[in-house]
Structures are given as C-alpha cells and as structure tokens.
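Dear colleague,

I am passing on a structure for you to look through at your own pace. Please open it beside this message, and read the notes below with the chain in view.

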Amino acid sequence: MENIKKLQRHAIIKILAFFVLSSISALACASAQELVEPLAIITHQDTNVDELTQDEVARIFLAEQQFWPDNSRITLLIRAPVSPERTFGLRQIYQMSEKEFRKYWITKMFKAEVASAPKVMYSLSMAINLVTAIPGAITFVPFSQVPVNAKVLKVNGKFPDDKDYEYRL
C-alpha cells in the first residue's frame, strides 16, 4: 500500500513538473518571438519617400537631415524611455545610451541646430496616431502594429517582413 502511495506521489510530481516546464517553455517561445519582431520605419502616407538606407535613417533620427526631398519638415516621433521601441532606437539607430541621447538633444537645441527635439510618445497608440496625422512625421513601431494608413519604408531595399531585414526588437 505504501509503495502505491509513493508511486502516486511520484506520478503527481512528474505531471506537475511537466506542466511547469511546459509553461516556462511557452513563455520563453513567446519572449523569443517578441525579440525578433521586426520594427518598421513608418511615415505619414503622403511622405514622398519609399526607401531609406540605414545611414539615411540614422541621419534623419539624429536630425542631420531635417527635411524630406520635397522640402517638407521631418517630425521625429520617439517613444518614451523604457519602452522596447525606445531601447531599440537608442541601440540600433542612435547607438547611444539614454544619458548620451539626452545630452545630444540638449546640445543640438542649445546650438540652435534644430527647431525642436523629437516629440516623445508615451504610448504606441499615440505614436501610431500622430504619424498618420502629422505630414512629414516618422517613427518606428513593431511591424505587427503598423496601421493601414501609414507608409512603411524599405530600409536598405528590404521591408520588415523580409528575411534579412536589419531592424528587430
């Protein structure tokens, strides 16, 4: 009788361990998918640009290029600190820490090299709504969140759903 209880206890422990490990595995897979989601560079639909190089993306977000080819002003929309999109932008586009980013924009403003710093977006929906409402606006969002009324720009000739697209969360 005691052996049967031990076997039952052992079976229950195995079942619980299986469910715990399955849950952890599912969470890890979900996290891995989030980490590889492409980040789309999107603009207002009327922007007359369809493609940028990575260098052009950097120049735009660094405000080294402040106007589109038709001379309309570029409006930078950047997510607030600690958002995944902000972390991506700092790492892959700006190649700066948060502190360096702030210092960069304070210096640009102080030297009057820019009319204004990037507009800070406190939510993804705010960034999406404003990029579709402000002519000349540009931002980066997860590809799965791109609205139908925004223009997705190719970067180095590739769209976010292409296999070797560079920008990923």
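Before the strands are described, one term is needed: two strands are said to pair if DSSP finds at least two bridges between them. By that rule strand 3, which covers residues 75–79, pairs with strand 5, since two bridges join them, and the two strands run parallel. Please keep in mind throughout that this is a predicted model.

As for the chain as a whole, its secondary structure comes to five helices and seven strands, and, read along the sequence, these follow the pattern α-β-β-α-β-α-α-β-α-β-β-β. The chain has 169 residues, of which 36% count as buried, and its accessible surface comes to about 10300 Å², with 59% of that belonging to carbon and sulfur atoms. Among the contacts in the chain with a separation of 6 or more, 70% are made by residues 24 or more positions apart.

The confidence of the prediction deserves some care: the pLDDT averages 86 over the chain, and 79% of the residues score at least 70. Over residues 25–34, however, the pLDDT is below 50, and beyond near neighbours in sequence this stretch has one contact in the model.

Strand 5 is a good place to begin looking. This strand spans residues 137–142 and is mostly covered, with six of its six residues buried. Besides its parallel pairing with strand 3, in which A137 is the bridge partner of T75, strand 5 also pairs with strand 1 (residues 39–44), here in the antiparallel sense and over five bridges.

Which residue of strand 5 is the bridge partner of T43? The partner is I138, while T43 itself has its place in strand 1. T43 counts as buried because its relative accessibility is 0%, and the cut-off for buried is under 20%. Leaving aside neighbours within four places in sequence, T43 is in contact with W68, V131, A137, I138, A150, K151 and L153, a list that you can follow residue by residue in the viewer.

Finally, please turn to the surface, where V120, Y122 and M126 make a nonpolar patch of about 290 Å². Of these residues, M126 has its place in helix 5, which covers residues 124–133. Is M126 buried, partly exposed or exposed? M126 counts as partly exposed, because its relative accessibility is 32%, and that class lies between the cut-offs of under 20% for buried and over 50% for exposed.

With best wishes

Notes
Residues are numbered from 1 along each chain as its sequence is written. This is a predicted model: local features need pLDDT of at least 70, side-chain atom pairs count only at pLDDT 80 or more; totals for chains, interfaces and linings use all residues. Side-chain values use heavy atoms; hydrogens and water are left out. Buried means under 20% relative accessible area, exposed over 50%, partly exposed in between (1.4 Å probe, protein chains only). Helices (H or I, at least four residues) and strands (E, at least two) are DSSP runs, numbered from the N terminus. Patches are made of residues with over 30% relative accessible area and no salt bridge: like charges are joined within 9 Å, nonpolar side chains (Val, Leu, Ile, Met, Phe, Trp, Tyr) within 5 Å. Accessible areas come from the Shrake-Rupley method with a 1.4 Å probe; for residues, only the protein chains shown count as cover. A salt bridge is a side-chain nitrogen of Lys or Arg within 4 Å of a carboxyl oxygen of Asp or Glu. Contact means heavy atoms within 4.5 Å. pLDDT is the predictor's confidence in each residue, from 0 to 100.
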